[in-house]
Amino acid sequence: MFLNPSVAKLDSSYCKHIAKNGVVTSDDCATSVDCRGTARVYSCRHRNDLQLSGSSCVMTTSYECLRKLQRRQQACSKRKSGLLPDSKFCHLYYDCSNPAKSKICQYPKLFSTKTNTCRDFRKVKCGFRIEFKSYCQYHSHPGAGNRGPPCELQHPNCEGYPDGANPHTEKTGAGSPWYMLCKGERFVKDGICPNARYGFNKKTCQGVGDISGVTMVDNLDTTVLSVLCLITDVRVASMSTMFVNLAERNHVDIIAKKKQDDNFIRLC
């Protein structure tokens, strides 16, 4: 039985520590980075009983994959923590209660070999383990021949983009009002300018103001967005809906400053 794996394109920088035209495969043989031609990540994680064989997902287990499983089982018998890192990918780990299949750290966390836990990516040193930055690189999504919208449509890739608001990489087009918020080259949230008649340009909702000020607390389970918008009295009314697009009500603080004076008013 052969099935299509999920596929996502990668920046060529992922191949800098991989032998020319090489392939790196996770310890459970379910995820691989292929540097032959255009760099791509392949995954068979959408089915627990599948493993990669070339560019296909199969139900059979190769000798190499079986040997890796035996090594994990031996390592688990000597460890007290109950968790093992994947030797190739920084976002993958194994629970010794079922070491056959890898688990994924909650995006954008990475697995720390120092604490044997998934931690804030800024506190983890991956070494030679591959460090993914995109949600769609972490998780399976429809591959070639499968139905469904592209993962990147809802989870755009912030690699190479500065912190703050940037044009949405997928919901594009002349005058598009869509933007994405990035931090540390990780995707935080996307949104749409409150007045769709005005497109998003660089870091600004045209006709509204700058929405680029983004801060995040140490615990990435909770996202805090602080937005300072310079708006006129006429546009104050439209700003009250903006927080819906940026974050949950209890995670956002939007402050508007009148141009005529220094008085601040809280809108949300």
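I began with Thr31, and found it standing opposite Ser43 in β5. A reminder to myself before going on: this is a predicted model.

**Entry 1: around Thr31**

I followed the strands outward from that pair. β4 covers residues 31–34 and β5 covers residues 40–43. The two run antiparallel, and I found four bridges joining them.

Next I looked up the sheet they belong to. It is an open one of four strands, in the order β2-β5-β4-β3, and the pairing is antiparallel. I then asked myself which strands stand at the edges. They are β2 (6–9) and β3 (23–25); each has a single partner strand, so one side of each is left without a neighbour in the sheet. I also noted the twist, which averages 15° from one strand to the next.

**Entry 2: Leu52**

I went to strand β6 (residues 51–53), where Leu52 has its place. Is Leu52 buried or exposed? Its relative accessible area is 13%, and the cut-off for buried is under 20%, so Leu52 counts as buried.

I then looked up what touches Leu52, leaving aside neighbours within four places in sequence. The contacts are Pro5, Cys29, Ala30, Thr31, Ser32, Tyr42 and Cys44. So my opening residue turns up again here, since Thr31 is among the contacts of Leu52. I also checked Leu52 against Cys65: they lie 13 residues apart in sequence, and their C-alpha atoms are 9.8 Å apart in space.

**Entry 3: helix α1**

Cys65 took me to α1, which has 14 residues, 63–76. From first C-alpha to last I read 20 Å, close to the 20 Å expected at 1.5 Å a residue.

Which residues of α1 are buried? I listed Cys65, Lys68, Leu69, Arg72 and Cys76. They cover an arc of only 100° around the axis, which puts them on the same side of α1. Tyr63 and Gln74, on the other side of the helix, are exposed.

I wanted to know what the buried residues of α1 pack against. The partners are β3, β6, β8 (83–85) and β9 (92–95). That brings back two strands from my earlier entries: β3, an edge of the four-stranded sheet, and β6, where Leu52 sits.

**Entry 4: the three-stranded sheet**

I finished with β8 and β9. Together with β10 they form an open sheet in the order β8-β9-β10, with antiparallel pairing. The edge strands are β8 and β10 (103–104), each of which pairs on one side only. I counted two bridges between β9 and β10. Across that pairing, Tyr93 stands opposite Lys103 in β10.

Methods:
Residues numbered from 1 in each chain as written. Predicted model: local features only at pLDDT ≥ 70, side-chain atom pairs only at ≥ 80, totals over all residues. Heavy atoms only, no water. Pairing = 2+ DSSP bridges. Axes fitted to C-alpha atoms, helices over the stretch in contact; angles between N-to-C directions. Buried < 20%, exposed > 50% of the residue type's maximum accessible area, 1.4 Å probe, protein only. Contact = heavy atoms within 4.5 Å. Expected span 1.5 Å × (residues − 1). Arc of directions from axis to C-beta.
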